[in-house]
Amino acid sequence: MATLDSIVHDGDLKRIVLIDFDWADADLMPELLRHPGLSVRLVAGASADDAGVRVAELCGVPRTLELADLTRETFDLALVGDASPRRAHVLGLVHAFGTPVLSPHTFLGGLRGFERRRRVPMSAGARALGALTGDDVAALVEHAIPDLAETEPAAKPPAARWSDESQPMPLPGDRLGLERLIAQLADRTGAFASALMVQRGETFSFPATNGADDPLLRSLGELALRLDAPQVVCRMNGTEPGRVWGAWPFRTREHRAVLLAAGLAPDGGAEAWERASFELRYTWERAGADVTGSPEERFRNRWLTPAEFRSRLRLAIERHQRDDRRCAIHRLHLDGAPGMLEVLCQRVPEVLRATDCLCHPAPGIVLLLVSGTVPEYARVRARIDALWSQCWRESGRDAPPIGDERIELLSSADAEVFMTAASGWLLAR
């Protein structure tokens, strides 16, 4: 069964991406680069002056200023800086790719607490750092972090794990295991009430509960699922002043859920719940990987029926209203010999991003729903053009041009017009 421990120790190097690291987070990068079970594949930041990007440049690690580049590779884990100014947007994007997310301090705290060491090949970044002498490293740090305070911050102590290391995380259908999980977490962290809440459409269910029902806890859970971000509050009055209420959401391809805890001590416990939500998400995702990771499933997730495509449009509108994420529909006109469009349809999902989806409402017409800016779409369109040309070259002929009409959602006020225009394209024959 997959746990946080098995992310590092179940065989191969685990591919991780570091996003929006500040100077406090960048202090952890040498440990991440040296760790024998991790391969830091990419460092993303908002600008070239970001701490993480500067340290990545010195260490020879690939770096980017474009979040769209996160689609170029599949990552086993994303570490997102706690102080990221665009954290909500980044979390929504990474979750859409199906990648687990943790803060760097939480991840390394858990790693130090219960890791079982195994020798595996070091990453390129680790070998680069290992070849440097102490004086070399000191000079690099001085160059990269000239304004860093001389006194080092106190090391953050590792948080308690949810249970014994040998005990596996329960699967979605294991109600007794889920009850045991939240009961053990509550006992270890002092919570007087806890639950696992699962969302299916517009309804919520509680496959596991512990303690009394708490209205504040349920409200926090619904808010965490809607915002797709943890919600932690401290009660200032009432019967439990100073105690912490929290909700830690996670999602997989098949589930949306949130761990809830009420009455935590203010000086600890929240990290154990955050890490447990990550471990549950990772375990549930791995359990369904044999089905959802198949080429057939990926193909089905991209090519939608008109009704499914319309539902995705509504979700895109809701996301735009929540975090102002731009989206657009492109109507592609693909003329040519019979059968050539079918060849393209079989291959095109592999060149799209995880958030893009397709519909084929009429002969020669493909609707493509994309998120992001015009330059981001230009890179997607270039890959589609290259694939279209390749399909025709294999038949010994030149590819005709692809016609492209675009409807873009620029503001929430245009949502109704956007939906009406898109519905017309879906119905056109």
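A residue counts as buried when its relative accessible area is under 20%, as exposed when it is over 50%, and as partly exposed in between. With that in hand, welcome to this predicted model. Trp284 is a good place to begin: its relative accessible area is 5%, so Trp284 is buried.

Trp284 has an aromatic companion. Together with Phe250 it makes an edge-to-face pair, with 5.3 Å from centre to centre and 70 degrees between the planes. Phe250 belongs to strand S9 and Trp284 to helix H11 (residues 270-287), so this pair links distant parts of the chain, 34 residues apart. Phe250 is buried as well, because its relative accessibility is 3%, under the 20% limit.

How many aromatic pairs does the structure have? The count comes to four. Another of them joins Phe192 and Trp245, again edge-to-face, at 5.7 Å centre to centre and 75 degrees between the planes. Phe192 sits in the loop between helix H9 (175-189) and S6, while Trp245 is in strand S9 (residues 244-251), so the pair ties together parts that are 53 residues apart in sequence. Is each of these two rings buried or partly exposed? Phe192 is partly exposed at 38% relative accessible area, whereas Trp245 is buried at 0%.

From the loop that holds Phe192, let us move on to strand S6. Strands of a sheet pair through backbone hydrogen bonds, either parallel or antiparallel. S6 (residues 193-200) and S7 (residues 203-211) take the antiparallel arrangement, over seven bridges. One bridge sets Arg200 against Thr203 in S7. The two strands form a hairpin with two residues between them, and in its turn Gly201 has a positive phi of about 65 degrees.

Further along the chain comes an open sheet. Its five strands are ordered S11-S13-S14-S12-S15, and their pairing is mixed. Strand S11 (303-304) and strand S15 (403-409) stand at the edges with a single partner strand each, so one side of each has no neighbour in the sheet. Inside this order, S12 (residues 327-333) and S14 (residues 365-371) run antiparallel and are joined by seven bridges. Here Arg331 stands opposite Leu367 in S14. Helix H16 (residues 374-394) packs on the sheet and touches S12, S14 and S15. The direction of H16 makes about 150 degrees with that of S15.

What lies between H16 and S15? A loop does, and Ala399 is found in it. With a relative accessibility of 30%, which falls between the two limits, Ala399 is partly exposed. Leaving aside residues up to four places away in sequence, Ala399 touches Trp388, Ser389 and Trp392. The C-alpha atom of Ala399 is also 9.9 Å from that of Met340, although the two residues are 59 residues apart along the chain.

Our last stop goes back towards the start of the chain, to helix H4 (residues 51-59). An α-helix has 3.6 residues a turn, so residues three or four places apart point the same way. In H4 the buried residues are Ala51, Gly52, Val53, Val55, Ala56 and Cys59. Gly60 follows the helix and has a positive phi, near 75 degrees. Cys59 is buried because its relative accessible area is 13%, under the 20% limit. Cys327 is buried too, with a relative accessibility of 3%. As for disulfides, the structure holds zero.

Key:
Residues are numbered from 1 along each chain as its sequence is written. This is a predicted model: local features need pLDDT of at least 70, side-chain atom pairs count only at pLDDT 80 or more; totals for chains, interfaces and linings use all residues. Side-chain values use heavy atoms; hydrogens and water are left out. Two strands pair if DSSP finds at least two bridges between them. Helices (H or I, at least four residues) and strands (E, at least two) are DSSP runs, numbered from the N terminus. Contact means heavy atoms within 4.5 Å. Axes are lines fitted to C-alpha atoms, for helices over the stretch in contact, and angles run from 0 to 180 degrees between N-to-C directions. A disulfide is a pair of cysteine sulfur atoms within 2.5 Å. Buried means under 20% relative accessible area, exposed over 50%, partly exposed in between (1.4 Å probe, protein chains only). Rings of Phe, Tyr and Trp (its six-membered ring) pair if their centres lie within 6.5 Å; planes under 30 degrees apart count as stacked, over 60 as edge-to-face and the rest as tilted.
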